[in-house]
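Open the model in your viewer and set side chains to sticks. The stops below follow charged side-chain pairs.

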Amino acid sequence: MTTTEPATSWPEGATARAVVDLGAIRHNVRTLAEKAPTAQVMAVVKSDAYGHGLLRVADAALDAGASWLGVAQLNEALELRAGLDATGLRPPILTWLFAPGAPLSRALAADLDLSASAPWAVQEIAAAAREAGRTARVHLKVDTGMGRGGARPEAFGELLDAAARARAEGAVDVVGIWSHLARADEPDHPATSEQTAVFTAALDQAARRGIQPQVRHLGQSAGTLFHPDTHFDLVRPGISVYGLTPAVAAGSSAELGLRPAMRLEARLTLVKAAPAGTPVSYGHTARTTTDTTLAVVPLGYSDGLPRIASDAGPVSVRGRRLHVTGRICMDQSVVDLGAEGADVREGDVAVVFGDGSDGGPTADDWAAASGTISYEIVSRLGGRVPRVYVDPERDQ
Ligand SMILES: Cc1ncc(COP(=O)(O)O)c(C=O)c1O
């Protein structure tokens with residue numbers, strides 16, 4: 001469910017909502033473009049735009065100057081293309097994960113750019129192109145040190161040969177050569193410059209075979225922010241588009257000039273007095289230590305709150321920073337409001353995470369409480385939490 005509503009309104013019947021600030025998305029895209037002035041920006045909007053909502057984010061990112069969009073899976077790309085067509089926008093869209101036998105004819109009909117990491121992929125793309133009587137747009141991926149997608153450097157020649165053959169018959173156009181960085185979030189680690197050197201060698205190898213792509217691309221958010229040498233023609237930021245830092249140790253969102261776009265909040269469904277010694281939630285892992293007030297927050301692990309953050313995940317109520325007490329359940333969590341909780345009422349808003357500007361919790365705080373990264377916190381936000389879009393800059 002998606003709506004554009006004032007920040008004060010709640011979707012009917014909803015006890016929780018994720019408020020996404022489209023102005024923050026635009027600000028972040030502009031900030032990233034300034035960090036990489038010589039490159040185009042591909043906003044990475046996979047996994048429902050890291051939980052923020054595919055089409056609304058894509059639209060805002062394009063509006064702010066992103067000229068490409070990237071998603072992992074073919075079906076995401078098809079959904080994105082169809083959604084954007086309805087608005088008249090037609091940017092290049094790159095998708096990079098498909099298995100043999102994928103419906104590539106649909107990808108070509110939707111003008112998607114496809115990644116190939118191995119000769120079989122080039123061959124399947126070329127076969128689909130031949131059948132459709134068109135030229136497919138391909139990005140050849142080289143594994144410069146991530147050890148995941150891409151042809152290993154010693155196998156990149158075979159991939160180039162397969163692409164050169166398909167190109168000679170007009171079945172493919174090699175639009176891009178690309179790779180992905182493994183340790184760009186550690187700004188001083190030598191792995192990034194080593195990967196950049198391998199990438200440059202792969203580009204030279206391609207050029208010797210007469211393959212000179214329009215776009216060479218390597219850097220994600222951390223590359224964009226911390227490693228100018230990785231910018232080449234195009235950068236592919238994801239997490240930073242949403243205003244979250246790719247590396248807490250290297251700089252907070254605010255230090256990097258980013259504005260977290262999502263605020264997750266819920267209306268308390270129950271507030272009740274409880275005596276000292278009251279056990280709380282499954283397993284009785286927590287017990288109140290004083291006479292206190294307990295509040296039920298209607299969000300749980302099926303909404304994306306990591307259960308491992310039981311007894312720890314931060315929540316703010318009436319501007320007071322508290323934390324989840326006891327185990328996080330499937331749909332609910334409990335907060336011990338303490339002595340000052342007597343004023344709190346059912347229906348009051350608990351902020352689970354937001355931009356932190358008021359001292360409230362952030363997605364990074366939840367990541368720290370869960371031993372993970374903010375990427376997992378936002379992208380796992382459950383489908384039943386309605387996303388509500390606000391645009392304070394435009395609504396003024
Ligand atoms: C191939 C590729 N490029 C770019 C990104 C964006 O990365 P980040 O969110 O760290 O900016 C991702 C996401 O993991 C990715 O898989």
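Select Arg-394 and Asp-63 in this predicted model: the two form a salt bridge, with the closest N and O atoms 2.7 Å apart. Arg-394 sits in helix H12 (residues 392-395) and Asp-63 in helix H3, so this pair ties together parts 331 residues apart in sequence. Arg-394 counts as exposed because its relative accessibility of 51% is over the 50% cut-off. Asp-63 is partly exposed, at 45% relative accessible area.

Keep Asp-63 selected and add Arg-26. Their side chains also meet in a salt bridge, at 4.0 Å from N to O. This pair links distant parts of the chain, with Arg-26 in helix H1 (residues 22-35) and Asp-63 in helix H3 (residues 54-63), 37 residues apart. Is Arg-26 buried or exposed? Arg-26 is buried, with a relative accessible area of 3%.

Next, move to Arg-216 and Asp-233. A salt bridge joins their side chains at 2.7 Å, N to O. Arg-216 belongs to strand E9 (residues 215-217), while Asp-233 is in the loop between helix H9 (221-226) and strand E10 (234-235), so the pair ties together parts 17 residues apart in sequence. Arg-216 is partly exposed, with 30% relative accessible area.

For the last selection, take Asp-21, Arg-26, Asp-63, Arg-259, Asp-391, Glu-393 and Arg-394 together. Salt bridges with shared partners join these residues into one network. To place the stops in context, the count for the model comes to 23 salt bridges.

How values were computed:
Residues are numbered from 1 along each chain as its sequence is written. This is a predicted model: local features need pLDDT of at least 70, side-chain atom pairs count only at pLDDT 80 or more; totals for chains, interfaces and linings use all residues. Side-chain values use heavy atoms; hydrogens and water are left out. Helices (H or I, at least four residues) and strands (E, at least two) are DSSP runs, numbered from the N terminus. Buried means under 20% relative accessible area, exposed over 50%, partly exposed in between (1.4 Å probe, protein chains only).
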